[in-house]
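Please walk through this model from its cores outward to a few individual residues. The sequence and the coordinates come next.

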Amino acid sequence: MLEIRKKLKIRRGAYRVDVKGRLQLPFESRQKTRLRTALASGEEVALALPRGEVLRGGDLVVASDGRVIEVIAETEALLHVTCATAEALTRAAYHLGNRHVPVEVGAGYLRIAADHVLEQMLRGLGATIAPMDAPFEPEAGAYGGGQGHDETGGGRPGVIHQYGDHAHAHGQHDHANDHPPGHTHDSHHGHEHKHGHDHGHDHDHDHDHDSAHGAGHKHKP
């Protein structure tokens, strides 16, 4: 089966590149680093990208046979959110972020995946909602430049609540899988680091110090 293991650093249109195929995926699939899917031609392909990689519309990837494939962001059912004031739009963004919802941020609008519960919440906040079909390109986390988590251990960007390398969306994330042993979270996401440092040697410095380390400072040979 054809495999895709690498994303090029350039995007479509940056240079003249001979593109030999198209990979059209919704945002949910473009977050995943391990995925079996198919090119637009119907040819089966397996994604095997580095951990944390996220595909965006216009990205170019390289297949195992050397072909350059263009990524197409598939049209999805979205909610286009606008408000009468910037303050109201900021409030809507805050409440979406508080629910760890992937959000696309534009000039004077927000877009989220269609969801009737969130739609009711936003209408209750005074927002105007317009259903639409369009490619979905949510924000990446503030700290990651696209880093995050999906259920396969790959990228989960797009949570407007800036979470760095922590994704809580849809209850699919388990913090315990993202930190080395000994790194724990309390209920407020505090970090407790437990270190057992046993250097295996004695420091037998026979020093006689006074409280000020001044003239009374004596060293025994």
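**Cores, a helix pair and three residues**

L122 touches V81, A92, L96, I112, A127 and I129, leaving aside residues up to four places away in sequence. The model that holds these contacts is a predicted one.

Where does L122 belong in the wider packing? In the largest nonpolar core, which has 17 residues, L122 is among the four that touch the most other members, together with L96, L110 and I112. The elements giving two or more residues to this core are β7 (75-82), α2 (86-98), β9 (109-113) and α3 (116-124). The largest share comes from α2, with 5 residues. Another core lies apart from this one; it has 14 residues, including L23, V45, L47 and V71.

Two of the elements named above, α2 and α3, also pack against each other. Their axes are 10 Å apart, and the angle between the helices is about 145 degrees. The crossing of α2 and α3 is right-handed. On the α2 side the contact is made by A92, H95 and L96, and on the α3 side by L118, M121 and L122. Sorted by class, the contact of α2 with α3 has 5 nonpolar residues, 1 polar residue and no charged residues. L96 and L122 thus appear in the helix contact and also among the core residues that touch the most other members.

For the protein as a whole, the count is 3 helices and 14 strands. Of its 221 residues, 38% are buried. Among contacts with a separation of 6 or more, 59% are between residues 24 or more positions apart.

I69 gives one case of a residue with partners from other parts of the chain. I69 is in strand β6, which covers residues 68-73. Is I69 buried or exposed? With a relative accessible area of 0%, I69 counts as buried, because the cut-off for that class is under 20%. Not counting residues up to four places away in sequence, I69 touches V19, K20, G21, R22, L23, L39, D59, L60, V61 and A63. One of these, L23, is a member of the 14-residue core. The C-alpha atoms of I69 and I4 are separated by 8.9 Å, while the two residues are 65 apart along the chain.

R30 is a charged residue in helix α1, residues 27-30. Why is R30 classed as buried? Its relative accessible area is 0%, so R30 falls in the buried class. What does the side chain of R30 reach at 2.9 Å? That side chain reaches the backbone oxygen of F136. F136 is also in the list of residues that R30 touches, with those up to four places away in sequence left out: L25, V54, L55, R56, G57, V71, I72, A73, E76, F136 and E137. V71, in this list, is a member of the 14-residue core.

K7, in strand β1 (residues 2-11), has two polar contacts through its side chain. One joins the side chains of K7 and E53 at 3.2 Å, and another joins those of K7 and D59 at 3.5 Å. With residues up to four places away in sequence set aside, K7 touches L49, E53, V54, L55, D59, L60 and V61. Of these, D59, L60 and V61 are also touched by I69, and V54 and L55 by R30.

Note on methods
Residues are numbered from 1 along each chain as its sequence is written. This is a predicted model: local features need pLDDT of at least 70, side-chain atom pairs count only at pLDDT 80 or more; totals for chains, interfaces and linings use all residues. Side-chain values use heavy atoms; hydrogens and water are left out. Helices (H or I, at least four residues) and strands (E, at least two) are DSSP runs, numbered from the N terminus. A polar contact is a pair of N or O atoms within 3.5 Å; within protein, one must be able to donate a hydrogen and the other to accept it, and residues adjacent in sequence count only if both atoms are side-chain atoms. Contact means heavy atoms within 4.5 Å. Buried means under 20% relative accessible area, exposed over 50%, partly exposed in between (1.4 Å probe, protein chains only). A nonpolar core is a set of buried Ala, Val, Leu, Ile, Met, Phe, Trp, Tyr and Cys residues joined through side-chain atoms within 4.5 Å. Axes are lines fitted to C-alpha atoms, for helices over the stretch in contact, and angles run from 0 to 180 degrees between N-to-C directions. A crossing is left-handed if the near helix is turned anticlockwise from the far one by less than a right angle, and right-handed if clockwise.
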